[in-house]
Amino acid sequence: MNTKHPPWVRVLPSNQIGHDFVIGDLHGCFDLPDRLLDHVRFDPACDRMFSVGDLIDRGPDSLRSLGFLGAPWFYAMKGTREHMLLKYF
Ligand SMILES: [Mn+2]
């Protein structure tokens, strides 16, 4: 197995104490993950959420959705929408 990674790849240890969740294409729908986290009884002390892109754009609440980026349990990959935003700036 190749253990060398490019600098933009972050390797995390496996989560031995909680659950890992993967979510994609939120597109600014902040309320959706909020309800989902309640449903799965997400525990921010030991669980992690991985966003696989397109956290923003289209939905009504992109700015609030970006707030997830500050949460220590939230890990985001750049999708096409984030690429477009960064390219704009
Ligand atoms: Mn999308």
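Good morning. I begin with a single residue, V52, which is partly exposed because 15 other C-beta atoms lie within 10 Å, a count between the 12 or fewer of an exposed residue and the 20 or more of a buried one. Please bear in mind throughout that this is a predicted model.

Where does V52 sit in the chain? The residue belongs to the loop between β2 and α2, the latter spanning 62-66. If neighbours within four places in sequence are set aside, V52 is in contact with V22, G24 and M77. V22 lies within the range of strand β1, which covers 20-23. As for G70, that residue is 18 residues away from V52 along the chain, and the two C-alpha atoms are separated by 16 Å.

Let me now turn to the chain as a whole. The protein chain contains three helices and three strands. Read from the N terminus, the elements follow the pattern β-α-β-α-β-α. Along the principal axes, the C-alpha atoms fill a box of roughly 40 × 35 × 20 Å. Of the 89 residues in the protein chain, 9% are buried. Contacts between residues at least 6 apart in sequence deserve a remark: 81% of them join residues at least 24 apart.

Next, the sheet. In what order do the three strands lie? The order is β1-β2-β3, in an open sheet with parallel pairing. Strands β1 (20-23) and β3 (74-76) are at the edges, each pairing on one side only. From one strand to the next, the twist averages 20 degrees. As general background, strands of a sheet pair through backbone hydrogen bonds, in either a parallel or an antiparallel manner.

I shall take the two pairings in turn. Between β1 and β2 there are four bridges, in the parallel sense, and F21 has M49 in β2 as its bridge partner. To pass from β1 to β2, the chain goes through helix α1, residues 31-39, and this β-α-β crossover is right-handed.

The second pairing joins β2, residues 48-51, to β3 through three bridges, and these strands also run parallel. Here F50 is bridged to Y75 in β3.

To close, I return to the opening residue. V52 is located in the loop that follows β2 and leads to α2, and the contacts of V52 include V22 and M77. The partly exposed status of V52 rests on its 15 other C-beta atoms within 10 Å. Thank you for your attention.

How values were computed
Residues are numbered from 1 along each chain as its sequence is written. This is a predicted model: local features need pLDDT of at least 70, side-chain atom pairs count only at pLDDT 80 or more; totals for chains, interfaces and linings use all residues. Two strands pair if DSSP finds at least two bridges between them. Helices (H or I, at least four residues) and strands (E, at least two) are DSSP runs, numbered from the N terminus. Axes are lines fitted to C-alpha atoms, for helices over the stretch in contact, and angles run from 0 to 180 degrees between N-to-C directions. Two residues are in contact if their C-beta atoms, placed from the backbone, lie within 7 Å. A crossover is right-handed if, with the strands pointing away from the viewer, the path from the first strand over the helix to the second runs clockwise.
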